[in-house]
Amino acid sequence: MFSRTQGTIRHRSVKTFLGGILNFACEPIQSAWDDLLPLFSRHRTEIDFLPGQRFAPQRQRYETMEAVGAYKLFTARVAGRIVGYSGHFVMPHAFLPDTVWGVQDLIYMLPEYRGRPAARFLVWADLELQSIGVRVIMRTVNKRLDWSRILAKMGYVAEETGYMKVVGD
């Protein structure tokens with residue numbers, strides 16, 4: 001398993017066009033969870049992901065993955081309030097065991113912090129993932145909230161196309 005002690009997570013602050021200071025950090029799920037819940041709900045509403053399905057984020061599952069070094073949560077805060085997050089599963093690839101991947105689980109920024117502030121946050125998160133040994137970062141975009149142009153400017157390439165199908169009741 002990927003060592004959770006590899007690398008050092010640093011904090012970063014940048015000024016926003018809204019006049020506030022945007023603080024980036026890697027935070028433990030336990031300490032950020034209550035602040036994240038309102039954004040999780042807003043995120044779900046905005047992208048309308050699997051309407052009709054029960055929405056119940058599983059805190060214990062995230063904490064368990066984090067405890068073994070398999071999950072990293074990056075946050076963006078202004079005046080202590082979370083305005084964005086990026087969560088990643090971090091582990092060696094099953095077929096390429098010498099290559100640690102950071103696979104995006106969740107990403108969201110409040111609309112007023114999208115654009116340049118969001119891009120700065122993504123660049124910072126990528127550098128933090130790299131500092132802990134990640135060599136491949138995989139990000140996804142939702143068709144209802146497509147920010148692929150930002151990813152292309154950051155050097156990402158569209159390597160795969162994902163399709164989803166809901167089966168059963």
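This is a short walk through the structure shown above, from its overall layout to a few of its side-chain partnerships.

The model is predicted, so to speak of local features a pLDDT of at least 70 is needed, side-chain atom pairs count only at pLDDT 80 or more, and totals for chains, interfaces and linings use all residues. Residues are numbered from 1 along each chain as its sequence is written, and side-chain values use heavy atoms, leaving out hydrogens and water.

Let us begin with the overall layout. The chain has four helices and six strands; these are DSSP runs, numbered from the N terminus, with H or I and at least four residues for a helix, and E and at least two for a strand. Starting at the N terminus, you meet the elements in the order β-β-α-α-β-β-β-α-β-α. The chain has 169 residues, and 38% of them count as buried. Here buried means under 20% relative accessible area, exposed means over 50%, and partly exposed lies in between, using a 1.4 Å probe and protein chains only. About 10,400 Å² of the chain's surface is accessible, and carbon and sulfur atoms account for 54% of that; the areas come from the Shrake-Rupley method with a 1.4 Å probe, and for residues only the protein chains shown count as cover. Contacts (heavy atoms within 4.5 Å) tell you about the fold too: among those between residues at least 6 apart in sequence, 64% join residues at least 24 apart.

Now find helix H3. This helix covers residues 116-131, 16 residues in total, and spans 23 Å from its first C-alpha to its last, close to the 22 Å expected at 1.5 Å a residue. That expected span is 1.5 Å times one less than the number of residues in the helix. Several residues of H3 are buried, among them Phe 121, Trp 124 and Asp 126. Keep the last two in mind, and notice that just after H3, Gly 133 has a positive phi of about 105 degrees.

What does Trp 124 pair with? Phe 24 and Trp 124 form a tilted aromatic pair, with 5.7 Å from centre to centre and 45 degrees between the planes. Rings of Phe, Tyr and Trp (its six-membered ring) pair if their centres lie within 6.5 Å; planes under 30 degrees apart count as stacked, over 60 as edge-to-face, and the rest as tilted. Phe 24 sits in strand E2 and Trp 124 in helix H3, so this pair links parts of the chain that are 100 residues apart. Both Phe 24 and Trp 124 are buried.

A second pair brings together Phe 40 and Tyr 85, this time edge-to-face, at 5.3 Å centre to centre and with 85 degrees between the planes. Because Phe 40 lies in helix H1 and Tyr 85 in strand E4 (residues 81-92), the pair ties together parts 45 residues apart in sequence. Phe 40 is buried at 8% relative accessibility, and Tyr 85 is buried at 1%. The structure holds ten aromatic pairs, and ring pairs link Trp 33, Phe 40, Tyr 62, Tyr 71, Tyr 85, Phe 89 and Tyr 108 into a cluster.

Next come the charged partners. There are four salt bridges in the structure, each a side-chain nitrogen of Lys or Arg within 4 Å of a carboxyl oxygen of Asp or Glu. One of them joins Glu 27 and Arg 77, at 2.8 Å from N to O. Glu 27 is in the loop between strand E2 (21-26) and helix H1 (29-47) and Arg 77 is in strand E3 (residues 71-78), so the pair ties together parts 50 residues apart in sequence. Glu 27 is buried at 12% relative accessible area, and Arg 77 is buried at 14%.

Asp 126, which you met in H3, forms a salt bridge with Arg 139 (2.9 Å, N to O). Arg 139 lies in the loop between strand E6 (134-138) and helix H4 (148-153), 13 residues from Asp 126. Both Arg 139 and Asp 126 are buried. Shared partners also join Glu 27, Asp 35 and Arg 77 into one salt-bridge network.

Finally, visit the loop between E3 and E4, where you will find Ala 79. Most residues other than glycine have a negative phi. Ala 79 has a positive phi, near 50 degrees, and this residue is exposed, with a relative accessible area of 79%.
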